[in-house]
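Hello,

Here is the structure you asked for. My notes on it follow below.

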Amino acid sequence: MSDQTLSNSAGDTGDSASTSQVRIQLSTRHPDIALPENPGPILVNTNLRRYALSTLVNALLQSEKPIPFEFLINGTFLRTTLDQYLTANGISAEITLNVEYVRAIIPPVYLASFQHDEWVSSVDVLSKTSPAAIWAGNAGTKVPGQERILSGCYDGLLRVWNMSSEVIATSPSADEGGAHSAILAAKFISPTQIASSGLDRTVRTWEYSEDADGFSASITPKLELHGHKMAVNSLAVHHPSSRILSTSQDHSIRFWSTKKSEAPPTPENLLPSTSFKSSKRQKTGSSPTTATRGSLSELKSHTGQVSDTIFAPNDHTVAYSSSWDHTVKTWDLPSSRCIDTRSTSAALFSLTALPSLNLLAAGSVARHITLIDPRASATTVSAMTLRGHSNAVVSLAVDPQNSYGLVSGSHDGTCRVWDVRSGTSGNEGKVGHSLYCIERESAKGRGKIAAGEGVKVFSVCWDSDVGIVSGSEDKRMQINRGKGIVGEQPS
Amino acid sequence: NIDPESLLPKLPSPEELRPFPTSCYTIFRGHEARVRSLAIDPSGSFVASGGDDGMVRIWQLFTGHQIWSVKLSKEEAVNAVRWRPGTDAVILAAATGEDVYLIAPPMSENDIDPELHVKSRELVDAGWGYAANGASGKAKKEPATQWVRPGSSLQDKGVLVKFSLRKTVKVIAWHRRGEYFSTVSPQGQSSAVAIHTLSKHLTQLPFRKLKGLAQSAQFHPSKPIFFVATQRMIRSYDLSRQELIKIIQPGARWISSFDVHPGGDNLIVGSYDKRLLWHDLELSVRPYKTLRYHQKAIRAVKFHPGGLPLFADASDDGSLQIFHGKVVSDMMENASIVPLKVLKGHQIKKELGVLDVDWHPTEPWCVSAGADGTCRLWA
Ligand SMILES: [Mg+2]
């Protein structure tokens, strides 16, 4: 695409009376790509598609480097010619169409798979733009020049990978101070700190350090945090305040400090292995070299497994949580009080926030994602429902470059990419459909997979540098990334 | 001229009766032969299953990850697994051949709260003292069986107690308070139905003269009443007075299983002659409704235990059927029963299909055990 074609296209839009035409009114919600002056309704040929409209907007913007745009008409992305759109929706070409343009969301193309020995339960990325690196950068800490991916695995091990699919560090085995069974959650707290949790009821923090050459690194146990009575499903970390939140099958959330000096001692009765045969205890008991601590507080109010939690994006003294008890709760952390409860129609398995929209997204057992406005002023529980998955939605992450975008991971074996501007209104309120569906590369040629068998996605992470990283029952971590300019008809 | 159809009460459509399970979410693979029995634990997090491979396995509910297993027998099938009710302890009863085991599964070394595990072990072990001291003074006759340690290799796995009955045990049912459980050995004649007291390690045989072959037994959810099904009848007994209350006559030729509604006044009965029968005990000893949907024998029936108006059956035709079944407290009004969904997925192996079904304690989710060696979660 050259500047020349751009201006040619723009020049074409007004003439050619032989084909049918329609008036469009262009608009956008993003000031940085807004037109310098409102051009009013523009008469265009109805045979135009997304690409030609994108060319037109770039011409109006006089962009030096063309930006690929997508077009929303009545909440639906244009995937056909305008004429086909009008026909399909029974709209007369006589009216002026309101057309909203947005930066195109690039289709995520398969890049690589990193093989593990067991199911991959959790993934996280350390890059220049990841939260852990931004916190560290703000604090003046050096961030590694290259991207790193962290995986938690059902074999009980954490691994840090480079982008060439090489493991540069592995956490120690249970005998040497590592986790006792499957890891369920893993996150970078900072470029030198990792948090993990799992079936062994324990939250752990680790020192992560890379050799100067960057080819090898180590993961060393730092703190064992005891308090949960059942498996610890998920973690949220906030480095500036040295805080961790964990959620458990035991219906509770616990709040922890990553600082040894700040954390209370572990209650004696909560230490593992006190009740088991002494012979085994000696073999697999907690490592004497790793310090153990208890939680700062316990957040109790849910009546089912707590599936996920996040710190409020703009206030680390507030947390949100989702539970099998169907609710999303808001917590005031200093007082450990539940200050708000939103009930939905089904068990919730995952949670994330869309900060600029003041919305929370909760993934449900009932195959959908519910968008919830947690503010006290909100009048409806569900602002929108995203539909398309065919099994529980167990992991959510936001698009790092589009405040309206998110990705979901499901036990159906897919990740789906959504833009909440896209949706249609129906009986049950506004319903959104996914833009892209990422399948498992390991499932290629297997057709439709019943119950997501062998390919269930357990975790998904979206980083602007690395792309969409997902961990699955297929024992692989898969990377997909938007590449190049969007095609005429992405599928 | 009135259309008689128009006089019938209009049934709501399945769409209006959501939520109920509609599709398979998880397939649990691991058993090397038929899965005979399965049950979701009282916390709603795990599934226990037992099968022809002599194994008991415990799985994470949604991921299908197997977290624990034990081999109870080299030759015999595990025919029944049932969790003790209540979340104060984690105790599983399992039957293989003539043997019944009580297990405090430690999952894996550090995966269970030590306090909860200690409590579970204490509850199972409490009866040792009674067997040694109390029994000699009180018991009039020889106990029906001795409760013993199962041997160190099983004890290391958390299998803490074993006792043997005279014939193969096919059914285990707990009393809601977790102090008593019953077993049924259809070929056991005078010892076919046994009631066991956990805290005393005591087995009693209250039905010395049972008419017919025992098939299943259940405790009433709130009253001291005990139900025993033989091939054609279900008898209810007053446990405190030790007398027969009622003989329920489903009209089936061979009852396979039955379940008591959490409210206590309604029963569902499944039969090998393909029938599912709903009994309103206040109404009649005859069925209130007969449902014939399956092509083959019905193996198991189960009410939702946690207040959702749902029940399910499992059949050798390879399917489960989900029904809406709402019990109304109004004496003038009868239960409304609506078929909601047929769940298909299990393969039929040697004429056998789905052998057991259980519900999640609170959610509209159920699990099924298949002759195809899989368990499945439906939601
Ligand atoms: Mg009635």
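Chain B of this predicted model has a mean pLDDT of 93, and 94% of its residues reach 70 or more. Keep the remainder of the scale in mind while reading: where pLDDT is low, the predicted coordinates should not be read in detail. For the model, the scores are ipTM 0.93 and pTM 0.92.

Next, the interface. On the chain B side, 34 residues are in contact with 39 residues of chain A. The size of an interface is often given as the accessible area lost when the parts come together. For chain B and chain A that area is about 3000 Å², and 51% of it lies on carbon and sulfur atoms.

Polar pairs were searched for as well. The rule finds 3 salt bridges across the interface of chain B and chain A. One of them joins A:Glu453 to B:Arg29, with 2.3 Å between the closest N and O atoms. There are also 12 residue pairs in polar contact across this interface, both residues at pLDDT 80 or more. On the side of chain B that touches chain A, at least two residues each come from β1 (24-28) and α2 (114-125) of chain B.

Last, the cysteines. How many disulfides does a search of the whole structure find? The result is 0 over all chains. A:Cys415 shows why no bond is assigned to it: a disulfide needs sulfur atoms within 2.5 Å, but the closest cysteine sulfur, in A:Cys437, is 8.4 Å from that of A:Cys415, too far for a bond. A:Cys415 is buried, with a relative accessible area of 1%, whereas A:Cys338 is partly exposed, at 24%.

Regards

How values were computed: Residues are numbered from 1 along each chain as its sequence is written. Chains are lettered from A and ligands numbered from 1 in the order in which they are written. This is a predicted model: local features need pLDDT of at least 70, side-chain atom pairs count only at pLDDT 80 or more; totals for chains, interfaces and linings use all residues. Side-chain values use heavy atoms; hydrogens and water are left out. Buried means under 20% relative accessible area, exposed over 50%, partly exposed in between (1.4 Å probe, protein chains only). pLDDT is the predictor's confidence in each residue, from 0 to 100. Contact means heavy atoms within 4.5 Å. Buried area is the accessible area (1.4 Å probe) that two parts lose on being put together, summed over both. A salt bridge is a side-chain nitrogen of Lys or Arg within 4 Å of a carboxyl oxygen of Asp or Glu. A polar contact is a pair of N or O atoms within 3.5 Å; within protein, one must be able to donate a hydrogen and the other to accept it, and residues adjacent in sequence count only if both atoms are side-chain atoms. Helices (H or I, at least four residues) and strands (E, at least two) are DSSP runs, numbered from the N terminus.
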